[in-house]
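Let us walk through a pocket, a surface patch and two single residues. Keep the structure open as you read.

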Amino acid sequence: MRLVHRQNGDQTTLASNVETADSFLSQARGLMFRRSVPDDYALVFRFDDADRHSLHMVFVPFDIDALWLIGDEVKQKKRLSAWTGIGFGMADTIIELPAGAADDVEPGDLVELAE
């Protein structure tokens, strides 16, 4: 599975190493206590409905890019700093990527999981 970014008819791969946080425990843990993640990595959180969801960087010692999506549409993007970053947004999916991986992604773009 890979994470694909679609913008103006162009398609690029954001991550080819995609992990899904699909249990309460994996969602609560997120990227905490990891020393790093590979450059082609994404952690995807899926929720039943679009709602206000937050992320924190407590015990995450590296910066990340976070995307809040409704459907496949990016609603918000934010760089979260190591240890102290926090972000909020409306979403049914949140994606965490290494810092810089989402530099070309903007609100309104499409991001989707592809086989």
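**Pocket, patch and strand**

Q: By class, how many nonpolar, polar and charged residues are in the lining of the largest pocket?
A: This is a predicted model. Two charged residues are in the lining, and five polar ones. The nonpolar count is eleven. By class, then: eleven nonpolar, five polar, two charged.

Q: How much space lies in the largest pocket, and which residues are closest to its centre?
A: The space comes to about 230 Å³. The lining has 18 residues. Closest to the centre are Gln27, Ala28, Phe45, Ser54 and Leu55.

Q: Which element gives the largest share of the lining of the largest pocket?
A: Three elements give two or more residues each: α1 (24–29), β4 (41–56) and β7 (86–98). The largest share is six residues, and it comes from β4.

Q: Is Asp51 buried, partly exposed or exposed?
A: Asp51 lies in strand β4. Its relative accessible area is 44%. Buried means under 20% and exposed means over 50%. The value falls in between, so Asp51 is partly exposed.

Q: What distance separates the C-alpha atoms of Asp51 and Thr93?
A: Along the chain, Asp51 and Thr93 are 42 residues apart. In space, their C-alpha atoms are separated by 9.6 Å.

Q: Which residues form a nonpolar patch on the surface with Val58?
A: Val58 sits in the loop between β4 and β5 (64–70). It has 38% relative accessibility, and patch residues need over 30%. Together the patch has about 430 Å² of accessible area. Val58's partners are Phe33, Phe59 and Trp83.

Definitions and conventions
Residues numbered from 1 in each chain as written. Predicted model: local features only at pLDDT ≥ 70, side-chain atom pairs only at ≥ 80, totals over all residues. Heavy atoms only, no water. 1 Å grid on protein atoms, 1.4 Å probe; cavity = no way out; pocket = protein on both sides within 12 Å on 5 of 7 lines; lining within 4 Å. Points joined across faces, edges and corners; volume = space filled by probe spheres on them. Helix = DSSP H or I, 4+ residues; strand = E, 2+ residues; numbered from the N terminus. Nonpolar A, V, L, I, M, F, W, Y, C, P; charged D, E, K, R; others polar. Patch = residues over 30% accessible without salt bridge, like charges linked within 9 Å, V, L, I, M, F, W, Y side chains within 5 Å. Areas by Shrake-Rupley, 256 points an atom, 1.4 Å probe, with all protein chains shown as cover. Salt bridge = Lys/Arg side-chain N within 4 Å of Asp/Glu carboxyl O. Buried < 20%, exposed > 50% of the residue type's maximum accessible area, 1.4 Å probe, protein only.
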